[in-house]
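Colleague: Could you pick one part of this model and take me through it closely? I'd like to know what it touches and how it fits with the rest.

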Amino acid sequence: MASRSKSSQRWLKEHFADPYVKKAQAEGMRSRAAYKLEELLKRDRLLKPGMVVVDLGAAPGGWSQYVRQAMGDQGRVVAMDILEMPPLAGVEFLHGDFREDSVLSQLEAMLAGQPVDLVLSDMAPNKSGMGAVDQPRAMYLAELAMDFADRQLKTGGAFLIKLFQGEGSDDYIRELRRRYDRVAIRKPDASRKRSPEVYALGQGKRAQPR
(Lines give C-alpha, C1' and ligand atoms only; values in the text may rest on other atoms or scores of the structure.)
Protein backbone atom coordinates (compact mmCIF):
# COMPACT_ATOMS: atom_id res chain seq x y z
CA MET A 1 0.00 0.00 0.00
CA ALA A 2 2.90 2.37 0.84
CA SER A 3 4.39 2.01 -2.64
CA ARG A 4 1.00 2.69 -4.21
CA SER A 5 0.57 5.89 -2.23
CA LYS A 6 4.14 6.91 -3.05
CA SER A 7 3.54 6.44 -6.77
CA SER A 8 0.20 8.29 -6.47
CA GLN A 9 1.94 11.17 -4.72
CA ARG A 10 4.61 11.25 -7.43
CA TRP A 11 1.93 11.30 -10.14
CA LEU A 12 0.05 14.15 -8.42
CA LYS A 13 3.27 16.13 -7.98
CA GLU A 14 4.18 15.63 -11.65
CA HIS A 15 0.63 16.41 -12.74
CA PHE A 16 0.37 19.75 -10.97
CA ALA A 17 3.92 20.77 -11.97
CA ASP A 18 3.20 19.84 -15.60
CA PRO A 19 3.38 23.00 -17.79
CA TYR A 20 0.65 21.62 -20.08
CA VAL A 21 -1.72 21.07 -17.13
CA LYS A 22 -1.08 24.68 -16.05
CA LYS A 23 -1.60 25.90 -19.60
CA ALA A 24 -4.89 23.98 -19.92
CA GLN A 25 -6.15 25.49 -16.66
CA ALA A 26 -5.09 29.02 -17.70
CA GLU A 27 -6.63 28.77 -21.17
CA GLY A 28 -9.85 27.04 -20.12
CA MET A 29 -9.12 23.83 -22.03
CA ARG A 30 -10.77 20.66 -20.77
CA SER A 31 -7.57 18.60 -20.82
CA ARG A 32 -3.84 18.83 -21.45
CA ALA A 33 -4.42 16.36 -24.32
CA ALA A 34 -5.54 19.36 -26.40
CA TYR A 35 -1.89 20.41 -26.73
CA LYS A 36 -0.85 17.01 -28.09
CA LEU A 37 -3.52 17.39 -30.74
CA GLU A 38 -2.55 21.00 -31.48
CA GLU A 39 1.04 19.95 -32.21
CA LEU A 40 -0.01 16.96 -34.32
CA LEU A 41 -2.55 18.87 -36.41
CA LYS A 42 -0.24 21.83 -37.03
CA ARG A 43 2.75 19.70 -37.95
CA ASP A 44 0.87 17.89 -40.68
CA ARG A 45 -1.56 20.72 -41.54
CA LEU A 46 -4.46 18.34 -41.07
CA LEU A 47 -7.22 20.88 -40.41
CA LYS A 48 -8.78 22.72 -43.32
CA PRO A 49 -11.76 25.12 -43.22
CA GLY A 50 -15.13 23.42 -43.51
CA MET A 51 -13.96 19.89 -42.64
CA VAL A 52 -16.16 17.26 -41.00
CA VAL A 53 -14.25 15.82 -38.03
CA VAL A 54 -15.35 12.87 -35.86
CA ASP A 55 -13.72 12.50 -32.42
CA LEU A 56 -14.04 8.98 -30.97
CA GLY A 57 -13.95 8.52 -27.20
CA ALA A 58 -14.12 12.29 -26.92
CA ALA A 59 -14.87 12.82 -23.19
CA PRO A 60 -13.93 15.06 -21.40
CA GLY A 61 -13.77 16.94 -24.71
CA GLY A 62 -10.29 18.48 -24.95
CA TRP A 63 -9.71 17.35 -28.54
CA SER A 64 -13.16 18.40 -29.78
CA GLN A 65 -12.77 21.74 -28.01
CA TYR A 66 -9.43 22.40 -29.71
CA VAL A 67 -10.70 21.41 -33.19
CA ARG A 68 -13.75 23.64 -32.82
CA GLN A 69 -11.59 26.61 -31.81
CA ALA A 70 -9.06 25.96 -34.59
CA MET A 71 -11.74 25.74 -37.32
CA GLY A 72 -13.71 28.77 -36.10
CA ASP A 73 -17.33 28.72 -37.21
CA GLN A 74 -16.72 26.55 -40.26
CA GLY A 75 -17.08 22.80 -40.61
CA ARG A 76 -18.53 20.26 -38.19
CA VAL A 77 -17.14 18.53 -35.12
CA VAL A 78 -18.97 15.40 -33.99
CA ALA A 79 -17.85 13.98 -30.64
CA MET A 80 -18.77 10.42 -29.68
CA ASP A 81 -18.37 8.67 -26.33
CA ILE A 82 -19.93 5.96 -24.24
CA LEU A 83 -19.50 8.40 -21.31
CA GLU A 84 -21.51 11.56 -20.87
CA MET A 85 -19.76 14.80 -21.83
CA PRO A 86 -20.74 18.33 -20.78
CA PRO A 87 -21.87 20.36 -23.81
CA LEU A 88 -19.32 22.29 -25.88
CA ALA A 89 -20.41 25.21 -28.06
CA GLY A 90 -20.34 24.23 -31.72
CA VAL A 91 -19.68 20.53 -31.03
CA GLU A 92 -22.36 17.93 -31.78
CA PHE A 93 -22.26 15.14 -29.20
CA LEU A 94 -23.48 11.61 -29.82
CA HIS A 95 -23.75 9.62 -26.59
CA GLY A 96 -23.34 5.90 -27.17
CA ASP A 97 -21.12 3.01 -28.15
CA PHE A 98 -19.96 3.38 -31.76
CA ARG A 99 -19.77 -0.43 -32.06
CA GLU A 100 -23.58 -0.51 -32.01
CA ASP A 101 -25.40 -0.26 -35.32
CA SER A 102 -28.08 1.96 -33.77
CA VAL A 103 -25.43 4.53 -32.77
CA LEU A 104 -23.80 4.40 -36.21
CA SER A 105 -27.25 4.92 -37.75
CA GLN A 106 -27.67 8.02 -35.58
CA LEU A 107 -24.29 9.29 -36.77
CA GLU A 108 -25.20 8.70 -40.41
CA ALA A 109 -28.49 10.55 -39.88
CA MET A 110 -26.61 13.48 -38.29
CA LEU A 111 -24.12 13.62 -41.16
CA ALA A 112 -26.90 13.41 -43.76
CA GLY A 113 -24.52 12.28 -46.49
CA GLN A 114 -21.68 14.67 -45.62
CA PRO A 115 -18.35 12.84 -46.00
CA VAL A 116 -16.04 12.58 -42.96
CA ASP A 117 -12.64 14.19 -43.63
CA LEU A 118 -10.81 13.34 -40.39
CA VAL A 119 -11.31 10.68 -37.71
CA LEU A 120 -9.58 11.21 -34.35
CA SER A 121 -9.19 8.70 -31.54
CA ASP A 122 -7.51 9.41 -28.20
CA MET A 123 -9.19 6.39 -26.61
CA ALA A 124 -7.47 4.42 -23.88
CA PRO A 125 -8.73 1.60 -21.65
CA ASN A 126 -9.09 2.00 -17.91
CA LYS A 127 -5.65 0.93 -16.74
CA SER A 128 -5.27 -2.07 -14.43
CA GLY A 129 -1.51 -1.58 -14.17
CA MET A 130 -0.92 -5.03 -15.71
CA GLY A 131 0.56 -4.80 -19.19
CA ALA A 132 -0.70 -8.27 -20.16
CA VAL A 133 -4.25 -7.00 -19.62
CA ASP A 134 -3.96 -3.33 -20.59
CA GLN A 135 -2.17 -3.76 -23.93
CA PRO A 136 -4.74 -6.16 -25.47
CA ARG A 137 -7.52 -3.84 -24.28
CA ALA A 138 -5.78 -0.85 -25.87
CA MET A 139 -5.25 -2.73 -29.14
CA TYR A 140 -8.90 -3.81 -29.16
CA LEU A 141 -10.00 -0.17 -28.94
CA ALA A 142 -7.53 0.72 -31.70
CA GLU A 143 -8.97 -2.04 -33.93
CA LEU A 144 -12.48 -0.69 -33.35
CA ALA A 145 -11.36 2.81 -34.31
CA MET A 146 -9.69 1.52 -37.50
CA ASP A 147 -12.88 -0.36 -38.43
CA PHE A 148 -14.86 2.83 -37.84
CA ALA A 149 -12.52 4.79 -40.13
CA ASP A 150 -12.78 2.02 -42.75
CA ARG A 151 -16.55 2.52 -42.81
CA GLN A 152 -17.01 6.25 -42.24
CA LEU A 153 -13.94 8.08 -43.52
CA LYS A 154 -13.97 9.35 -47.08
CA THR A 155 -11.38 8.22 -49.64
CA GLY A 156 -8.42 10.58 -49.29
CA GLY A 157 -9.30 11.34 -45.64
CA ALA A 158 -7.03 11.16 -42.58
CA PHE A 159 -7.07 9.08 -39.39
CA LEU A 160 -5.14 9.99 -36.21
CA ILE A 161 -5.04 7.53 -33.32
CA LYS A 162 -3.29 7.07 -30.01
CA LEU A 163 -1.43 3.77 -29.73
CA PHE A 164 0.50 2.18 -26.89
CA GLN A 165 3.72 0.60 -28.10
CA GLY A 166 3.78 -3.08 -27.28
CA GLU A 167 2.37 -6.38 -28.45
CA GLY A 168 0.21 -5.88 -31.53
CA SER A 169 1.19 -2.27 -32.27
CA ASP A 170 3.62 -3.14 -35.12
CA ASP A 171 0.98 -5.31 -36.83
CA TYR A 172 -1.53 -2.50 -36.43
CA ILE A 173 0.78 -0.02 -38.13
CA ARG A 174 1.28 -2.49 -40.97
CA GLU A 175 -2.51 -2.61 -41.39
CA LEU A 176 -2.61 1.19 -41.53
CA ARG A 177 0.02 1.12 -44.30
CA ARG A 178 -2.31 -1.10 -46.36
CA ARG A 179 -5.13 1.43 -45.97
CA TYR A 180 -3.42 4.84 -46.25
CA ASP A 181 -0.97 6.35 -48.74
CA ARG A 182 1.19 7.84 -45.98
CA VAL A 183 1.60 6.65 -42.38
CA ALA A 184 3.71 8.43 -39.76
CA ILE A 185 4.35 7.80 -36.07
CA ARG A 186 4.48 10.89 -33.88
CA LYS A 187 5.42 11.59 -30.25
CA PRO A 188 4.25 15.12 -29.38
CA ASP A 189 6.09 17.20 -26.78
CA ALA A 190 3.04 17.15 -24.50
CA SER A 191 3.25 13.34 -24.30
CA ARG A 192 4.98 12.35 -21.08
CA LYS A 193 8.40 10.97 -21.96
CA ARG A 194 8.04 7.73 -20.01
CA SER A 195 4.62 6.98 -21.46
CA PRO A 196 4.55 4.25 -24.14
CA GLU A 197 1.93 6.24 -26.06
CA VAL A 198 2.56 7.39 -29.61
CA TYR A 199 0.21 8.71 -32.27
CA ALA A 200 -0.21 7.01 -35.63
CA LEU A 201 -1.35 9.19 -38.51
CA GLY A 202 -2.74 7.76 -41.74
CA GLN A 203 -3.23 10.23 -44.60
CA GLY A 204 -4.76 9.61 -47.99
CA LYS A 205 -7.20 6.79 -47.27
CA ARG A 206 -7.27 4.37 -50.18
CA ALA A 207 -10.51 3.31 -51.80
CA GLN A 208 -9.47 -0.29 -51.06
CA PRO A 209 -6.74 -1.67 -48.76
CA ARG A 210 -3.70 -2.99 -50.59
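Modeller: Let me start with a term: a polar contact is a pair of N or O atoms within 3.5 Å, where, within protein, one must be able to donate a hydrogen and the other to accept it, and residues adjacent in sequence count only if both atoms are side-chain atoms. With that in hand, look at Glu175, whose side chain makes such a contact with the side chain of Arg178, at 2.7 Å. Bear in mind that this is a predicted model, so local features need pLDDT of at least 70 and side-chain atom pairs count only at pLDDT 80 or more, while totals for chains, interfaces and linings use all residues. Residues are numbered from 1 along each chain as its sequence is written, and side-chain values use heavy atoms, with hydrogens and water left out.

Glu175 sits in helix α7, and α7 is the part I'd zoom in on. Helix α7 covers residues 169–179; helices here are DSSP runs of H or I with at least four residues, strands are runs of E with at least two, and both are numbered from the N terminus. Glu175 itself is partly exposed at 28% relative accessibility, in a scheme where buried means under 20% relative accessible area, exposed over 50% and partly exposed in between (1.4 Å probe, protein chains only).

Which residues of α7 are buried? They are Ser169, Tyr172, Ile173, Leu176 and Arg179. Those five cover an arc of only 115° around the axis, so they sit on the same side of α7; the arc is taken from the directions from the helix axis to the C-beta atoms. The background is simple: an α-helix has 3.6 residues a turn, so residues three or four places apart point the same way.

What covers that buried set? The cover includes α6 (131–152), β5 (153–164), β6 (180–186) and β7 (197–205).

Take α6, one member of that cover. Its axis and that of α7 are 11 Å apart, and the two helices pack at an angle of about 5°. That makes α6 roughly parallel to α7, the word used for angles under 35 degrees (over 145 is roughly antiparallel, 65 to 115 roughly perpendicular, the rest oblique). The axes are lines fitted to C-alpha atoms, for helices over the stretch in contact, and angles run from 0 to 180 degrees between N-to-C directions.

On the α6 side, the residues that meet α7 are Met139, Ala142, Glu143, Met146 and Asp150. Their partners in α7 are Ser169, Tyr172, Glu175, Leu176 and Arg179, with contact meaning heavy atoms within 4.5 Å. By class, this contact has 5 nonpolar, 1 polar and 4 charged residues; Ala, Val, Leu, Ile, Met, Phe, Trp, Tyr, Cys and Pro count as nonpolar, Asp, Glu, Lys and Arg as charged, and the others, Gly among them, as polar. So Glu175 turns up again as one of the α7 residues that meet α6. From Glu175 to Met146, the C-alpha to C-alpha distance is 9.2 Å, although their positions lie 29 residues apart in sequence.

Strand β5 is another part of the cover, and Lys162 belongs to that strand. Lys162 is buried, with a relative accessible area of 11%. Its side chain makes a polar contact with the side chain of Asp122, at 3.3 Å. Not counting residues up to four places away in sequence, Lys162 touches Ser121, Asp122, Met123, Ala124, Glu197, Val198 and Tyr199.

Now step back to the whole chain. It has 7 helices and 7 strands, and from the N terminus on they run α-α-α-β-α-β-β-α-β-α-β-α-β-β. Of its 210 residues, 49% count as buried. Among contacts between residues at least 6 apart in sequence, 64% join residues at least 24 apart.

For contrast with α7, try α4 (62–71). That helix is mostly covered, with 8 of its 10 residues buried, among them Trp63, Tyr66 and Arg68. Gly72 follows α4 and has a positive phi, near 65°. In the loop between β1 (52–56) and α4 you'll find Pro60, and the peptide bond from Ala59 to Pro60 is cis, with omega near 10°.
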